Amino acid sequence: MRLSTVRLHDERATAAARHEGDELVLLPYSDVGELLSSGDDWPERATAEWDERIALGTASLAPVVPHPNKIVCLGLNYATHIKEMGRPTPAYPTLFAKYDGSLIGAHDDIRMPAVSDDLDWEAELGIVIGHRARHVSADKALAYVGGYTVVNDITVRDWQHRTREFLSGKTFEATTPVGPSLVTPDELPPGASGLTISCSVDGHTMQKSNTSDLLFDVASIIAYVSTIITLLPGDLIATGTPGGVGAGRDPKVFLQPGQELVTTVEGVGELHNTVVREEK
């Protein structure tokens, strides 16, 4: 099953929707996050029949969960990215957070901050939590996955490196595309392992790897984070990026206004986003 959050005609409201071929079946929930929070039987609610449908090709997609309670991100989770950034291999997951104001939809413009020219790409597999999780063991962790999505953890590198903490470079407004849908685990290999992940800029492949190369896999990430804090339905976890980012190149390469970014996770979906310069 695939679920998306779609913007309705007045652009002020959204609805959760189920994919059926070239159509979206609108569900009686304001977004996918509300659906996931409706109870542990949310998959049954999501498959119920409803009359209102819209064409997928005409839909404006919001972030798959527009307002998650938590956005937890991992850094340094692929060996190729650890090497290109000149960092030691971490013994534990490197965690940081984002705020929901940074999230945009699968085809929305990425807002390049007026204060920086160092905008970089980071293709990532996203985990969307489907059930409340606390002190979950790794061998049971996959049962708490609601589904998977595609994320690009767009990073403002000069702001990221102003201090030892990542946050300021990771949560600029309207910079992080998420979508186009939540894909339930039954459509993918266990833990979404073995999937090709890639990112291109204006048709040139910049990143290409496989989710089997994650240093900390999906199950171990959920187990680790749920030891720290309760994960709630709709929470988003970005699992880290492989090598090939702009800051890891010599010379460094950063995004420019007008460039198109395509982020793909095999079997999950594609993001198509254009960079636009923010106006103060």
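This report walks through one helix, the nonpolar core it belongs to, and one strand with its partners. Keep in mind that the model is predicted.

**Helix α6, inside and out**

Let's start with helix α6, which covers residues 218-228. Much of its story is about being covered up: V218, A219, I221, I222, A223, V225 and S226 are buried. What sits over those buried residues? The cover includes several strands, among them β6 (71-75), β7 (94-97) and β11 (123-129). Strands β12 (145-152) and β17 (236-238) also help to cover them.

Now look at I228, which belongs to α6 too. Is I228 buried or exposed? I228 is exposed, because its relative accessibility is 51% and the cut-off for exposed is over 50%. I228 also joins L95 and I229 in a nonpolar patch on the surface, with an area of about 240 Å².

**The nonpolar cores**

Here's a handy bit of background: in soluble globular proteins, nonpolar side chains tend to be buried together. In this model, the largest nonpolar core has 52 residues. Which of them touch the most other members? That would be I222 and I237. As for helix α6, it gives the most to this core, with five residues. There is also another core, lying apart from that one, with 23 residues, including L27, C73, L103 and F166.

Back to I237 for a closer look. If you skip its neighbours within four places in sequence, I237 is in contact with V72, L74, L125, G126, I127, I129, I221, I222 and L231. Two of the names on that list, I221 and I222, are also among the buried residues of α6.

**Strand β1 and its partners**

Next up is strand β1, made of residues 2-7. Why is β1 described as largely enclosed by the rest of the structure? It is because five of its six residues are buried.

Strand β1 pairs with the strands below, and each row gives one bridge as an example.

| Partner of β1 | Sense | Bridges | Example bridge |
|---|---|---|---|
| β2 (residues 14-20) | antiparallel | five | L3 with R18 |
| β14 (residues 176-183) | antiparallel | two | L3 with L182 |
| β5 (residues 60-61) | antiparallel | two | R7 with S60 |

L3 is worth finding in the structure: its bridge partner in β2 is R18, while its bridge partner in β14 is L182. For β5, look at R7 instead, whose bridge partner there is S60.

Definitions and conventions:
Residues are numbered from 1 along each chain as its sequence is written. This is a predicted model: local features need pLDDT of at least 70, side-chain atom pairs count only at pLDDT 80 or more; totals for chains, interfaces and linings use all residues. Side-chain values use heavy atoms; hydrogens and water are left out. Patches are made of residues with over 30% relative accessible area and no salt bridge: like charges are joined within 9 Å, nonpolar side chains (Val, Leu, Ile, Met, Phe, Trp, Tyr) within 5 Å. Accessible areas come from the Shrake-Rupley method with a 1.4 Å probe; for residues, only the protein chains shown count as cover. A salt bridge is a side-chain nitrogen of Lys or Arg within 4 Å of a carboxyl oxygen of Asp or Glu. Helices (H or I, at least four residues) and strands (E, at least two) are DSSP runs, numbered from the N terminus. Buried means under 20% relative accessible area, exposed over 50%, partly exposed in between (1.4 Å probe, protein chains only). Contact means heavy atoms within 4.5 Å. A nonpolar core is a set of buried Ala, Val, Leu, Ile, Met, Phe, Trp, Tyr and Cys residues joined through side-chain atoms within 4.5 Å. Two strands pair if DSSP finds at least two bridges between them.
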